[in-house]
Amino acid sequence: MGLSRDTISAKFRRKLRGMRQKIDSMNPHFVRCLKPNHELVPDYFDPVMIVDQLCSGGVVEAVRISRTGYPQRFSFSSFVDCYWMLGCEVVGQTPVTKELVRAVVTVIGFDGVQVGKTTVFLRQQKSECLETLRRQRVDSSVIRIQAICRGYIAHTLYRKSLESIVKRVLFYLQLNA
């Protein structure tokens, strides 16, 4: 009869260690559930109750702390991929380096940006400004592309119409000659 020498606490520690290894190997995201109302009626939200739950759960405080620091973080490549059009004069380089990111930030002219070893940190207000600038640049580019395409289509239709008119006039002149 083989008696197991593992005690309950040893089994617990082994299972806990395995669970910690699993958690450390993953990137967990936590979801906070909120009770929408006391009556549990669907499609009815009690705003006072929800705000109270957010405050007591520490969510509002965590958001406030996050906003005071640098809540927006980008890797160098994702920053350049997202905002290259704002500093396109310097983005011609192939490898994305810290110097390239700094050059893009300099061309953009923002001061609320910190460039780390591998990450670009943005304050919330600066991130919103950058997104507004990017959206304006994209919108103006789309409008320009649409104008060029419409001009090409109109020019093509005009040329076809002109050719058709010339053919009809030549045909009419040949009939009357």
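1. The radius of gyration is taken here over C-alpha atoms, and the rule for a globule is 2.2 Å times the number of residues to the power 0.38. For a compact globule of 177 residues this comes to near 16 Å, whereas the chain of this predicted model has 32 Å. Along the principal axes, the C-alpha atoms fill a box of roughly 120 × 55 × 50 Å.

2. Buried residues make up 16% of the 177 in the chain. Among contacts with a separation of 6 or more, 45% join residues 24 or more positions apart.

3. The chain has 6 helices and 3 strands. Read from the N terminus, the order of elements is α-α-α-β-α-α-β-β-α. The points below begin with helix α4, residues 76–83.

4. Which residues of α4 are buried? They are Phe-76, Phe-79, Val-80 and Tyr-83. Seen down the helix axis, the buried residues of α4 fall within an arc of 95 degrees, so they line one face of the helix. An α-helix has 3.6 residues a turn, so residues three or four places apart point the same way. The partners against which the buried residues of α4 pack are β1 (72–75), α5, β2, β3 and α6 (124–176).

5. The structure holds 3 aromatic pairs. One of them joins Phe-74 and Tyr-83: the ring centres are 5.8 Å apart and the planes stand at 85 degrees, so this pair is edge-to-face. Phe-74 is buried at a relative accessible area of 18%, and Tyr-83 is buried at 1%.

6. Tyr-83 also pairs with Phe-79, and this pair is tilted, with 5.3 Å from centre to centre and 55 degrees between the planes. Phe-79 and Tyr-83 are 4 residues apart in α4, which separates them by about one helical turn. Phe-79 has 1% relative accessibility and counts as buried. Through ring pairs, Phe-74, Phe-79 and Tyr-83 are linked into a cluster.

7. Phe-79 appears again in the largest nonpolar core, which has 18 residues; Phe-79, Val-101 and Leu-130 are the members that touch the most others. Elements giving two or more residues to this core are α4, α5 (98–108), β2 (113–115) and β3 (119–122). Which element gives the largest share of the core? It is α5, with 5 residues.

8. Leu-130 can be followed by its contacts. Leaving aside residues up to four places away in sequence, Leu-130 touches Phe-79, Tyr-83, Leu-86, Ile-108, Phe-110 and Leu-122. Two of these names, Phe-79 and Tyr-83, also belong to the aromatic cluster.

9. How many disulfides does a search of the whole structure find? The count is 0. For Cys-82, the closest cysteine sulfur is that of Cys-129, at 14 Å, which is too far for a bond; the cut-off for a disulfide is 2.5 Å between the sulfur atoms. Cys-82 is partly exposed, with a relative accessible area of 21%. Cys-149 is partly exposed as well, at 42%.

10. To recap, the chain has a radius of gyration of 32 Å, and 16% of its residues are buried. The buried residues of α4 line one face of that helix and pack against β1, α5, β2, β3 and α6.

Methods. Residues are numbered from 1 along each chain as its sequence is written. This is a predicted model: local features need pLDDT of at least 70, side-chain atom pairs count only at pLDDT 80 or more; totals for chains, interfaces and linings use all residues. Side-chain values use heavy atoms; hydrogens and water are left out. Rings of Phe, Tyr and Trp (its six-membered ring) pair if their centres lie within 6.5 Å; planes under 30 degrees apart count as stacked, over 60 as edge-to-face and the rest as tilted. Buried means under 20% relative accessible area, exposed over 50%, partly exposed in between (1.4 Å probe, protein chains only). A nonpolar core is a set of buried Ala, Val, Leu, Ile, Met, Phe, Trp, Tyr and Cys residues joined through side-chain atoms within 4.5 Å. Contact means heavy atoms within 4.5 Å. The arc is that of the directions from the helix axis to the C-beta atoms.
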